[in-house]
Amino acid sequence: MLYSEKVMDHFRNPRNLGKMDDADGIGEVGNAKCGDIMKMYIKVKDGIIEDVKFNTFGCGSAIASSSMATEMIKGKSIDDALELSNKAVVEALDGLPTHKIHCSVLAEEAVKAAVKDYYDKNGIAYDKEKFAPSSCPTCGE
């Protein structure tokens, strides 16, 4: 089987899917040319991500990665959310095919982009190295 049961479950029944109109931070990553775009919304209270939503335009692996990433950061501190790695997302999904690993990278980057937006909106200083833009893992742009 190409995809694990967890990947299929998060694809068929995505958690935290939707838009958040009053988000404290919004991160959008991806590239329309290659077809994967993720938008992550976070609601922060006292340094804790109390709610998170996502919208993803992409394949099943991209949707599953987004869904799992939101589950992994909900209720966690901003600092903990920044530690989320694509490897942790892949492990939580019981693996992804090699050619779909980029989907987990996008999920990690979407979380970081939402946190960066939250920092920027609230005038919170941060280490810019943690948020260095990378190229799209699918098409390199």
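Helices (H or I, at least four residues) and strands (E, at least two) are DSSP runs, numbered from the N terminus. The structure here is a predicted model, in which local features need pLDDT of at least 70 and side-chain atom pairs count only at pLDDT 80 or more, while totals for chains, interfaces and linings use all residues. Residues are numbered from 1 along each chain as its sequence is written, and side-chain values use heavy atoms, with hydrogens and water left out.

**Exercise 1. The sheet**

Work out the strand order of the open sheet and name its edge strands.

Solution. Begin with what counts as pairing: two strands pair if DSSP finds at least two bridges between them. Strands of a sheet pair through backbone hydrogen bonds, either parallel or antiparallel.

Step 1. β1 and β2 run antiparallel and are joined by seven bridges. Two partners to look for are Y41 in β2, which bridges to I26, and K39 in β2, which bridges to E28.

Step 2. β2 also pairs with β3 in the antiparallel sense, over nine bridges. Here M38 has T56 in β3 as its bridge partner. The hairpin of β2 and β3 has two residues between the strands, and D46 takes a positive phi near 55 degrees there.

Step 3. Put together, this gives an open sheet of three strands in the order β1-β2-β3, with antiparallel pairing. The edge strands are β1 and β3, each of which pairs on one side only. From one strand to the next the twist averages 15 degrees (axes are lines fitted to C-alpha atoms, for helices over the stretch in contact, and angles run from 0 to 180 degrees between N-to-C directions).

**Exercise 2. Two faces of β1**

Sort the side chains of β1 (residues 25-31) by the face to which they point.

Solution. In a regular strand the side chains alternate between the two faces of the sheet. For burial, use these cut-offs: buried means under 20% relative accessible area, exposed over 50%, and partly exposed in between (1.4 Å probe, protein chains only). G25, G27, V29 and N31 point to one face and are buried. I26, E28 and G30 point to the other face and are not buried.

**Exercise 3. Helix α2 and its surroundings**

How many of the residues of α2 are buried, and against which elements do they pack?

Solution. Step 1. Check the geometry. α2 (residues 60-73) has 14 residues and reaches 20 Å from its first C-alpha to its last, close to the 20 Å expected at 1.5 Å a residue (1.5 Å times one less than its number of residues).

Step 2. Count the buried positions. Because 11 of its 14 residues are buried, α2 is largely enclosed by the rest of the structure. Among them are A62, I63, S66 and M68.

Step 3. List the neighbours, taking contact as heavy atoms within 4.5 Å. The buried residues of α2 pack against α1 (5-12), β2 (36-45), β3 (48-57), α3 (78-82), α4 (86-92) and α5 (101-121). α2 lies across β2 and β3, running at about 175 degrees to β3.

Step 4. Look just past the helix: α2 is followed by G75, whose phi is positive, near 85 degrees.

**Exercise 4. A close look at T56**

Is T56 buried or exposed, and which side chain does the side chain of T56 meet in a polar contact?

Solution. T56 lies in strand β3. T56 counts as buried because its relative accessibility is 17%. Its side chain makes a polar contact with the side chain of S66 at 2.6 Å. A polar contact is a pair of N or O atoms within 3.5 Å; within protein, one must be able to donate a hydrogen and the other to accept it, and residues adjacent in sequence count only if both atoms are side-chain atoms. Leaving aside neighbours within four places in sequence, T56 is in contact with I37, M38, A62, I63 and S66.

**Exercise 5. Salt bridges**

Which salt bridges involve K39, D51 and K112?

Solution. A salt bridge is a side-chain nitrogen of Lys or Arg within 4 Å of a carboxyl oxygen of Asp or Glu. By this rule the count comes to nine salt bridges.

Step 1. K39 and E28 meet at 3.8 Å, N to O. This pair links distant parts of the chain, with K39 in strand β2 and E28 in strand β1, 11 residues apart. K39 is partly exposed, since its relative accessible area is 28%.

Step 2. D51 forms a salt bridge with K74, the closest N and O atoms being 3.6 Å apart. D51 is in strand β3 and K74 in the loop between α2 and α3, 23 residues apart.

Step 3. K112 and E108 meet at 2.9 Å, N to O. Both lie in helix α5, four residues apart, about one turn of the helix.
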